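Colleague: I should like to understand how the terms in a structural description are justified. May I put some questions to you about the structure shown here?

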Amino acid sequence: MDRLRLAAVIVLALATPAYADHEHHHHPPEVAAPVEPTSSLTATIGALAASYESRLYEGDYQGGSLGVAWAYGRFEVAARGLAYQIERNGRTYRGFGDLMVHGAVRAYEAGAFAAGGHLMVMAPTGDAMTGLGMGHWMLMPAAWAAYAQRFVTVSGALGYARGLGDENAHAEHGGGGAWPLVDPMSFSEVTFDAMAMVPIASSFALGARVLGAMPLDDDMRAIGAARISWRAGRLETLAEAQAGIAGDPVKFRGLVSTSMTF
């Protein structure tokens with residue numbers, strides 16, 4: 001069941017359409033739900049640094065995040081906020097990104113296989129004019145699945161992201177491309193994420209990941225990544241190095257987060 005728990009941790013992170021920093025490290029409920037479901041509280045702190053080049057802008061940005069998640073049995077609810085410093089065409093801006101709130105459920109288990117659903121809402125708390133926010137609400141449902149065995153865990157998620165409000169206002173920000181700069185999304189798009197993790201030791205694993213989106217009105221975006229995860233007691237740390245493959249304005253991004261579960 002430890003392998004299934006790892007699979008659920010990985011895949012619920014995938015299921016969040018991860019475009020504020022292309023990674024959301026949320027801890028899911030225990031995979032093997034006990035007869036009497038138990039609850040847990042997880043706090044997460046993270047940091048990132050990236051360089052980017054879009055149709056109209058180029059530069060780099062750095063950011064930090066704080067998150068909290070409450071899990072009960074097969075269910076989880078969580079919230080996460082981010083703050084950034086971004087350099088855009090030689091000028092520097094600072095501010096908050098969009099707030100993310102999600103709910104997730106592990107709906108099915110059969111041996112080494114697990115699957116479920118996920119729904120995230122992104123609130124427009126970031127400044128859309130400086131490239132830190134969407135400027136409108138986003139609704140993002142997704143489905144995830146994972147298969148965990150002794151030597152490898154394979155997981156994936158498929159979702160749909162849809163903006164609420166005026167689609168024309170979204171297109172105006174980035175010259176018709178994905179926006180914002182720290183959170184590149186189109187107003188309507190199918191999102192995908194796939195990962196394979198190989199355990200090196202009982203508390204250490206290495207993996208590779210591909211994630212991106214297929215907008216309904218723009219070119220496909222894709223990012224490739226290498227990932228490391230390790231645990232020490234109640235602490236779990238994830239680090240990832242990402243590089244743009246196609247379409248996405250990210251040239252390179254590094255991410256790290258540490259979570260503690262109570």
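Colleague: What makes the largest nonpolar core a core, and which residues have the most contacts inside it?

Modeller: A nonpolar core is a set of buried Ala, Val, Leu, Ile, Met, Phe, Trp, Tyr and Cys residues joined through side-chain atoms within 4.5 Å. Buried means under 20% relative accessible area, exposed means over 50%, and partly exposed lies in between, with a 1.4 Å probe and protein chains only. The largest such set has 25 residues, and Tyr61, Tyr84, Ile86, Met122, Met138 and Met140 have the most contacts inside it. At least two core residues come from each of β1 (39-53), β3 (75-88), β6 (113-123), β7 (137-148) and β13 (250-261). Strands here are DSSP runs of E with at least two residues, helices are runs of H or I with at least four, and both are numbered from the N terminus. In soluble globular proteins, nonpolar side chains tend to be buried together.

Colleague: On what kind of model do these values rest?

Modeller: The model is predicted: local features need pLDDT of at least 70, side-chain atom pairs count only at pLDDT 80 or more, and totals for chains, interfaces and linings use all residues. Residues are numbered from 1 along each chain as its sequence is written, and side-chain values use heavy atoms, with hydrogens and water left out.

Colleague: How do you know that β6 is mostly covered?

Modeller: Of the 11 residues in β6, 8 are buried.

Colleague: What makes β6 a partner of β5 and of β7?

Modeller: Two strands pair if DSSP finds at least two bridges between them. Strand β5 (residues 99-110) and β6 run antiparallel and are joined by 11 bridges, while β6 and β7 pair in the antiparallel sense over 10 bridges. Both pairings therefore satisfy the rule. Alanine 114 in β6 is the bridge partner of glutamate 109, and alanine 146 in β7 is the bridge partner of alanine 114.

Colleague: Why is the pair of tryptophan 70 and tyrosine 72 called stacked?

Modeller: Rings of Phe, Tyr and Trp (its six-membered ring) pair if their centres lie within 6.5 Å; planes under 30 degrees apart count as stacked, over 60 as edge-to-face and the rest as tilted. By this rule the count comes to 5 aromatic pairs. The centres of tryptophan 70 and tyrosine 72 are 6.0 Å apart and their planes stand at 10°, so the pair is stacked.

Colleague: What makes the pair of tyrosine 52 and tyrosine 61 tilted?

Modeller: The centres of tyrosine 52 and tyrosine 61 are 6.0 Å apart, with 40° between the planes. That angle is neither under 30 degrees nor over 60, and therefore the pair counts as tilted. Both tyrosine 52 and tyrosine 61 are buried, and ring pairs link Tyr52, Tyr61 and Tyr84 into a cluster.

Colleague: Are tryptophan 70 and tyrosine 72 buried or partly exposed?

Modeller: Tryptophan 70 has a relative accessible area of 44% and is therefore partly exposed. Tyrosine 72, at 38% relative accessibility, also counts as partly exposed.

Colleague: How do you know that glutamate 240 and arginine 209 form a salt bridge?

Modeller: A salt bridge is a side-chain nitrogen of Lys or Arg within 4 Å of a carboxyl oxygen of Asp or Glu. Between glutamate 240 and arginine 209 the N to O distance is 2.9 Å, so the definition is met. Glutamate 240 lies in strand β12 (residues 235-246) and arginine 209 in strand β10 (residues 204-215), so the pair ties together parts that are 31 residues apart in sequence.

Colleague: Which other residues belong to the network of salt bridges around this pair?

Modeller: Asp193, Arg209, Arg227 and Glu240 are linked in the network. Glutamate 240 also meets arginine 227 in a salt bridge (2.8 Å, N to O). The structure holds 8 salt bridges.

Colleague: Why are glutamate 240, arginine 209 and arginine 227 called buried?

Modeller: Glutamate 240 has a relative accessible area of 5%, arginine 209 stands at 2% and arginine 227 at 3%. These values are under 20%, and therefore the three residues count as buried.
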